[in-house]
Amino acid sequence: MEKLIITVALVGAEVTRQQTPYLPLSPREIADEAKKVHKAGASIVHLHMRDKFGNPSQDKALFAEAISYIQTETDLIIQVSTGGAVGMSAEDRVQPVTLAPEMASLSTGSVNFGDEVFSNPSPMVREFARTCLIHHVKPEVEVFEAGMIQNALTLAKQGLLQHPLHFNFVLGVPGGLPATAKNLLFLLDLIPSSSTWTVSGIGRHQLSMNTLGILLGGHVRTGFEDNIYYSKGVLSEGNTPLVTRLVHLAETLDRSIATPLEARKILGI
Ligand code: KMH
Ligand code: ZN
């Protein structure tokens, strides 16, 4: 099997300091957290930003500040979010892509998201994909529901996504596809064989989905965006313990860990 790429979604858009005091918020705090997970074995950081009140923000200046620290202090692959938070405008969401990071997330369909709707109409997704192409940014296709794979294949046919595609299966969002082994295997059957893939599990499903990713030859995403607990009722004291546990688990299961340089080769960046 290929070496394992560990992505860390350091902060997300929904988690609050009330839920965990370990959540990084400012660009400097996010960069410090990135440095720690880099040391622990991560090769990609998935970035969201927060404004000075801790609210989710797609402000390009906040991204630019965090990216500049991370690029100076590590060789991590930076993946900006184009999902932002539910209800943000398309113009806001796409802003960080224009900084030309190496990667950006790209959700290729709409999905219920708790009591809300994470809205991704096709014309908007095409526009985001076009912006990625213009800035030479590799999209990570975020799959919350099976139909989003077909939408990505349609984008590829239209020349808006380039093979080999890279998918992230985000399983266990309330309103989306549940985090089960059967669902993961079903999704794997739908992607082109040239693709790379990673898997994220929400909440208590994070560790089980990551374990399947390691065993099945995929890659894994961990981090506070998806889960703030180390074990039932016990908060993780930062993102790093989640990464360290995955490194041990992967090594126990005979998967070695990709450096950022090796991850770039695997993903064709
Ligand atoms: N915050 C969610 C509504 C992404 O980063 O691309 C969407 C999200 C996906 O986080
Ligand atoms: Zn995200």
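This passage describes the pockets and nonpolar cores of a predicted model. Residues are numbered from 1 along each chain as its sequence is written, while chains are lettered from A and ligands numbered from 1 in the order written. In this predicted model, local features need pLDDT of at least 70 and side-chain atom pairs count only at pLDDT 80 or more, whereas totals for chains, interfaces and linings use all residues; side-chain values use heavy atoms, with hydrogens and water left out.

The largest pocket (an open set of points on a 1 Å grid over the protein atoms alone, where a 1.4 Å probe fits, with protein on both sides within 12 Å along at least five of seven lines) holds about 590 Å³ of space. Its lining (residues with an atom within 4 Å of a point) comprises 31 residues, with E14, F113, I202, E225 and D226 closest to the centre. Strand β6, residues 103-107, is the top contributor to this lining, giving 3 residues.

The second largest pocket has a volume of about 300 Å³. Among its 19 lining residues, L133, V137, K138, P139 and Q162 are the closest to the centre.

Turning to the interior, the largest nonpolar core (buried Ala, Val, Leu, Ile, Met, Phe, Trp, Tyr and Cys residues joined through side-chain atoms within 4.5 Å) has 74 residues. Buried here means under 20% relative accessible area with a 1.4 Å probe, protein chains only. I6, L47, F167 and F169 have the most contacts inside this core. Beyond four places in sequence, F167 is in contact (heavy atoms within 4.5 Å) with residues including E140, V141, I149, I191 and W197. Another core, of 8 residues, lies apart and includes I5, I44, I77 and M103.

Notes:
Grid points are joined across faces, edges and corners, and a volume is the space filled by probe spheres set on the points. Helices (H or I, at least four residues) and strands (E, at least two) are DSSP runs, numbered from the N terminus. Buried means under 20% relative accessible area, exposed over 50%, partly exposed in between (1.4 Å probe, protein chains only).
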